[in-house]
Amino acid sequence: MLHSYIKWQYIIVNDEELIEPIFTINTPKKHNALSKLKELFPELFDVLFYCIDTNNVRLSFPHKYYLGTDSNSKSDVILRRFLNDCSNNDMDELKPIELLNSSYPLIAYELFSSIITPDYNAENQSYGELTLGFNDTNGHVCSNGEEAHEISITISDKGIKWSWWPNE
């Protein structure tokens, strides 16, 4: 595997750039999702969230970060696995990079998206989503080891959606 990386400058949660995203766990759907994520994927939960109290969690997902195949701390390997998914892409849409050889099952993304659902939609069937924000004026934001790309990455209940534009 070639050295691959992504680097983002901010995150957008439910169409808002949040500095300190705190989510109130105020519905049965959110309580259930939080409990299941902790039970099924405790290491992922610990990387993505911090429990403030029984009804509030803070999103710990990095706001600005570099993540590459050379990122080998325990939390980085978990993030690499989490961001390696491409289940929201169609068969003909290619993901530009590989961060790890495995990813989490779709249920992990559904639970994550349930927890970050905006309060005005919390009881509906809709889910929240997180998008990595890139500033390509600072240089390329993604490399597969051979060439750099412009990309968009969105995490939702359907998994990770990779949209990319190869440099031509």
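Q: At what angle do helix 1 and helix 4 pack, and how far apart are their axes?
A: Helix 1 and helix 4 (residues 106-115) pack at an angle of about 140°, with their axes 8 Å apart.

Q: Why is helix 1 called oblique to helix 4?
A: The packing angle is about 140°. Angles under 35 degrees count as roughly parallel, over 145 as roughly antiparallel, 65 to 115 as roughly perpendicular and the rest as oblique. About 140° belongs to the rest, so helix 1 is oblique to helix 4. The axes are lines fitted to C-alpha atoms, for helices over the stretch in contact, and angles run from 0 to 180 degrees between N-to-C directions.

Q: What kind of model do these values come from, and how are residues numbered?
A: This is a predicted model: local features need pLDDT of at least 70, side-chain atom pairs count only at pLDDT 80 or more, and totals for chains, interfaces and linings use all residues. Residues are numbered from 1 along each chain as its sequence is written, and side-chain values use heavy atoms, with hydrogens and water left out.

Q: Which residues of helix 1 and helix 4 meet?
A: From helix 1 come Lys29, Lys30, Ala33, Leu34, Lys36, Leu37 and Leu40. From helix 4 come Ala108, Leu111, Ser114 and Ile115. By class, the helix 1 to helix 4 contact has seven nonpolar, one polar and three charged residues. Ala, Val, Leu, Ile, Met, Phe, Trp, Tyr, Cys and Pro count as nonpolar, Asp, Glu, Lys and Arg as charged, and the others, Gly among them, as polar.

Q: How do you know that leucine 37 is buried?
A: Its relative accessibility is 0%. Buried means under 20% relative accessible area, exposed over 50%, partly exposed in between (1.4 Å probe, protein chains only). Leucine 37 is under that 20% limit, so it counts as buried. Leucine 37 sits in helix 1 (residues 28-40).

Q: What does leucine 37 touch beyond its neighbours within four places in sequence?
A: Its contacts (heavy atoms within 4.5 Å) are Pro42, Leu44, Phe45, Phe49, Ala108, Leu111 and Ile115.

Q: What makes helix 4 largely enclosed by the rest of the structure?
A: Seven of its ten residues are buried, so helix 4 is largely enclosed. The buried ones are Ala108, Tyr109, Leu111, Phe112, Ser113, Ser114 and Ile115.

Q: Why is asparagine 144 called buried?
A: Its relative accessible area is 18%. That is under the 20% limit, so asparagine 144 is buried. Asparagine 144 lies in the loop between strand 9 (142-143) and strand 10 (148-156).

Q: Which residues does asparagine 144 contact outside its neighbours within four places in sequence?
A: They are Leu2, His3, Ser4, Pro96, Ile97 and His149. Serine 4 is 140 residues away along the chain, yet the two C-alpha atoms are separated by 4.4 Å.

Q: Asparagine 14 and aspartate 15: which is buried and which is exposed?
A: Asparagine 14 has a relative accessible area of 15%, under the 20% limit, so it is buried. Aspartate 15 is at 70%, over the 50% limit, so it is exposed. Asparagine 14 lies in the loop between strand 2 and strand 3 (16-17), and aspartate 15 is found in that loop too.

Q: What is the phi of asparagine 14, and what is that of aspartate 15?
A: Asparagine 14 has a positive phi of about 50° although it is not a glycine. For aspartate 15, phi is near 70°, a positive value in a residue other than glycine.

Q: What makes strand 4 and strand 6 a pair?
A: Strands pair if DSSP finds at least two bridges between them. Strand 4 and strand 6 (residues 56-59) have three bridges, so they pair, in the antiparallel sense. Isoleucine 22 stands opposite arginine 58 there.

Q: In what order do the three strands of the open sheet run?
A: The order is 4-6-5, with antiparallel pairing. Strand 4 (22-24) and strand 5 (49-53) are the edge strands, each pairing on one side only. The twist averages 30° from one strand to the next.

Q: How many bridges join strand 5 and strand 6?
A: Four, in the antiparallel sense. The two strands form a hairpin with two residues between them. Aspartate 53 has asparagine 56 as its bridge partner.

Q: Which way do the residues of strand 8 point?
A: Leu130 and Leu132 point one way from strand 8 (residues 130-133) and Thr131 and Gly133 the other way, and all are buried. Strand 8 also pairs with strand 2 (residues 10-13) in the antiparallel sense over four bridges. In that pairing isoleucine 12 stands opposite threonine 131.
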